[in-house]
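User: Could you walk me through this protein model in simple steps? I am new to reading structures.

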Amino acid sequence: MPSRHVFFNAQDATGAGTALDVSKYRHIIVDIATDGGSDAALTCQCQGTLQTTAPTWTAGPTVDNMWDYIHMWDLENATGVDGDTGFVVATADDYRIFMINVDGLEWVNFRVTARTQGEVTVTGKAFSNL
């Protein structure tokens, strides 16, 4: 059984989490939970790269810092969440579970790109088909 990876733990500001090397995996399952005393209002997006070393996630993508926002599948209702949109909560707390196809990617991370209140915790497990 793969171990749980913590991208964020009670992240209360914009910024990137702790990246996960997914080069040996096919998909990851992540849970995203918001909290913080007041209802959360934030956007959290998944990032991925083909680079063998993790890029600077908070800098824009360039030829020397290649990454993009990654699509996620909501396991509650099987709807897709566009990478450019991400997980968005507005004055409410939420808990969701997503699957992310990481076939061929080297690294995955999460980034809070907008926030006015609340905290977000993102953890996940990576799986192969073996």
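Here is a friendly set of questions and answers on the sheet, the cores, the aromatic rings and the salt bridges.

Analyst: This is a predicted model, in which local features need pLDDT of at least 70 and side-chain atom pairs count only at pLDDT 80 or more, while totals for chains, interfaces and linings use all residues. Residues are numbered from 1 along each chain as its sequence is written, and side-chain values use heavy atoms, leaving out hydrogens and water.

User: Which strands stand at the edges of the open sheet?

Analyst: Strands are DSSP runs of E with at least two residues, numbered from the N terminus, and two of them pair if DSSP finds at least two bridges between them. Six strands make up the open sheet, in the order S1-S12-S4-S10-S7-S8, with antiparallel pairing. Each edge strand has a single partner strand, so one of its sides is left without a neighbour in the sheet; these strands are S1 (5-11) and S8 (80-81).

User: How many bridges pair S4 with S12?

Analyst: Let's look at two residues first: Ala33 stands opposite Thr121 in S12, and Ile32 stands opposite Val122. Strand S4 covers residues 27-35 and strand S12 covers residues 119-127, and their antiparallel pairing has nine bridges.

User: Which residues touch the most other members of the largest nonpolar core?

Analyst: A nonpolar core is a set of buried Ala, Val, Leu, Ile, Met, Phe, Trp, Tyr and Cys residues joined through side-chain atoms within 4.5 Å. Buried means under 20% relative accessible area, exposed means over 50%, and partly exposed lies in between, using a 1.4 Å probe and protein chains only. The largest core has 26 residues, and those touching the most other members are Ile28, Val30, Ile32, Met72, Ile100, Phe110 and Val122.

User: What is the angle between the planes of Trp67 and Tyr69?

Analyst: Rings of Phe, Tyr and Trp (its six-membered ring) pair if their centres lie within 6.5 Å; planes under 30 degrees apart count as stacked, over 60 as edge-to-face and the rest as tilted. Trp67 is buried at 8% relative accessible area, and Tyr69 is buried too, at 19%. Their ring centres are 4.9 Å apart and the pair is edge-to-face, with the planes at 75 degrees.

User: How many residues apart in sequence are the parts tied together by Phe87 and Phe98?

Analyst: Phe87 and Phe98 are both buried. With centres 6.0 Å apart and planes at 75 degrees, their rings form an edge-to-face pair. Phe87 lies in strand S9 (residues 87-89) and Phe98 in strand S10 (residues 95-101), so the separation of the parts they tie together is 11 residues.

User: Where in the chain is the salt-bridge partner of Asp31?

Analyst: A salt bridge is a side-chain nitrogen of Lys or Arg within 4 Å of a carboxyl oxygen of Asp or Glu. Asp31 is buried at 15% relative accessibility, and its closest N and O atoms with Arg4 are 3.3 Å apart. Asp31 sits in strand S4, 27 residues away in sequence from Arg4, which lies in the segment before S1.

User: Which residues are joined into one network by salt bridges that share partners?

Analyst: Arg96 meets Glu76 in a salt bridge at 3.5 Å, N to O, and Arg96 also meets Asp94 at 3.1 Å. Glu76 is exposed at 61% relative accessible area, Asp94 is partly exposed at 27%, and Asp74 is buried at 1%. The network joins Asp74, Glu76, Asp94 and Arg96.

Definitions and conventions: Helix = DSSP H or I, 4+ residues; strand = E, 2+ residues; numbered from the N terminus.
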